[in-house]
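This report concerns the fold of a single protein chain. The sequence and the three-dimensional structure are shown below.

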Amino acid sequence: MPSLVPSESSQPSSMPSLVPSESLQPSSMPSGAPSASGKPSGAPSASGAPSFTRATKIMNLLLSANVLSEGALDNEDSPQGQAFLWVTTTPLQPGEDDAQIIQQYILAVFYYATGGAGWTDKEGWLESSDECDWFKVVCNGSGVVTKLKPYENNLVGSIPSEVGSLDSLEILDLYDNQLTGGIPTELGELDSIVILSLGDNQLTGGIPTELGELDSL
């Protein structure tokens, strides 16, 4: 089992709600490329919201899949708020389905929660509509993420609990970054995980008992 022992240091982390209303008007689609602020260029502001129909569909999808909780979008500058804005305004790609939308949302939350704008290498992240082309993301033949390996890549912030919903994830390698906070108990839901590397970060607290119950580790 990989080293999960966290170090002693830690570091913590209002805008209008992103929950769509009937007054929202469709906006032009952004290129998806992250700007210096970490948000994709062309991301709509309060005056340019995603299409009501698409935003509502995706919100209901994420709620039903338990990767989005009620009130999570109240702050549009949170990782969840920024990820929701990105996934609801990024251009559709041929063959996009519900599973891919959920997967893209989770990865976008991960990007924003770990300071994606400041990563050493973020090639493809939020720029390509195919997440399997993003740096250190590996998918199987069905387009399902099986490996997430941005080790030694200047990740900061905390590991978002949403990563625990990447059901087919086999390798999560976040070794040698600057991550803080605790290890989410939701990582104990990664039934397919065989390598979990979290060493050389500034994580605090103990190792969740849920991780010890994973047969695959």
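The sections that follow treat the overall architecture, then the first helix and the loop after it, and finally the strand pairings.

**Overall architecture**

The model is predicted. The protein comprises 4 helices and 7 strands, and from the N terminus its elements follow the order α-α-α-β-β-β-β-β-β-β-α. Of its 217 residues, 46% are buried. The exposed area of the protein is about 10,000 Å², of which carbon and sulfur atoms supply 48%.

**Helix H1 and the loop that follows**

Helix H1 spans residues 52-64 and contains 13 residues. From its first C-alpha to its last, H1 reaches 18 Å, close to the 18 Å expected at 1.5 Å a residue.

Which residues of H1 are buried? They are Arg-54, Ala-55, Thr-56, Ile-58, Met-59, Leu-61 and Leu-62. An α-helix has 3.6 residues a turn, so residues three or four places apart point the same way. The cover over the buried residues of H1 includes helix H2 (79-89) and helix H3 (98-113).

Just after H1, Asn-66 adopts a positive phi of about 60°. Further along, the loop between H1 and H2 contains Ser-78. Why does Ser-78 count as buried? Its relative accessibility is 13%, and buried means under 20%. The side chain of Ser-78 also reaches the backbone nitrogen of Gly-81, at 3.0 Å.

**Strand pairings**

Strand E2 (residues 145-148) takes part in a pairing with strand E1 (residues 137-139) and in another with strand E4 (residues 171-173). The table sets out these two pairings.

| Strands | Sense | Bridges |
|---|---|---|
| E1 (residues 137-139) and E2 (residues 145-148) | antiparallel | 3 bridges |
| E2 and E4 (residues 171-173) | parallel | 2 bridges |

Individual positions illustrate both pairings. On the antiparallel side, Cys-139 stands opposite Val-145 in E2. On the parallel side, Lys-147 has Ile-171 in E4 as its bridge partner.

E1 and E2 form a hairpin with 5 residues between the strands. Where in this hairpin does a positive phi near 80° occur? Gly-143 takes that value. In a regular strand the side chains alternate between the two faces of the sheet.

**Summary**

The picture assembled here has H1 with buried residues covered in part by H2 and H3, a buried Ser-78 in the loop between H1 and H2, and E2 paired antiparallel with E1 and parallel with E4.

How values were computed
Residues numbered from 1 in each chain as written. Predicted model: local features only at pLDDT ≥ 70, side-chain atom pairs only at ≥ 80, totals over all residues. Heavy atoms only, no water. Buried < 20%, exposed > 50% of the residue type's maximum accessible area, 1.4 Å probe, protein only. Areas by Shrake-Rupley, 256 points an atom, 1.4 Å probe, with all protein chains shown as cover. Pairing = 2+ DSSP bridges. Expected span 1.5 Å × (residues − 1). Contact = heavy atoms within 4.5 Å. Polar contact = N/O pair within 3.5 Å; in protein donor to acceptor, adjacent residues only side chain to side chain.
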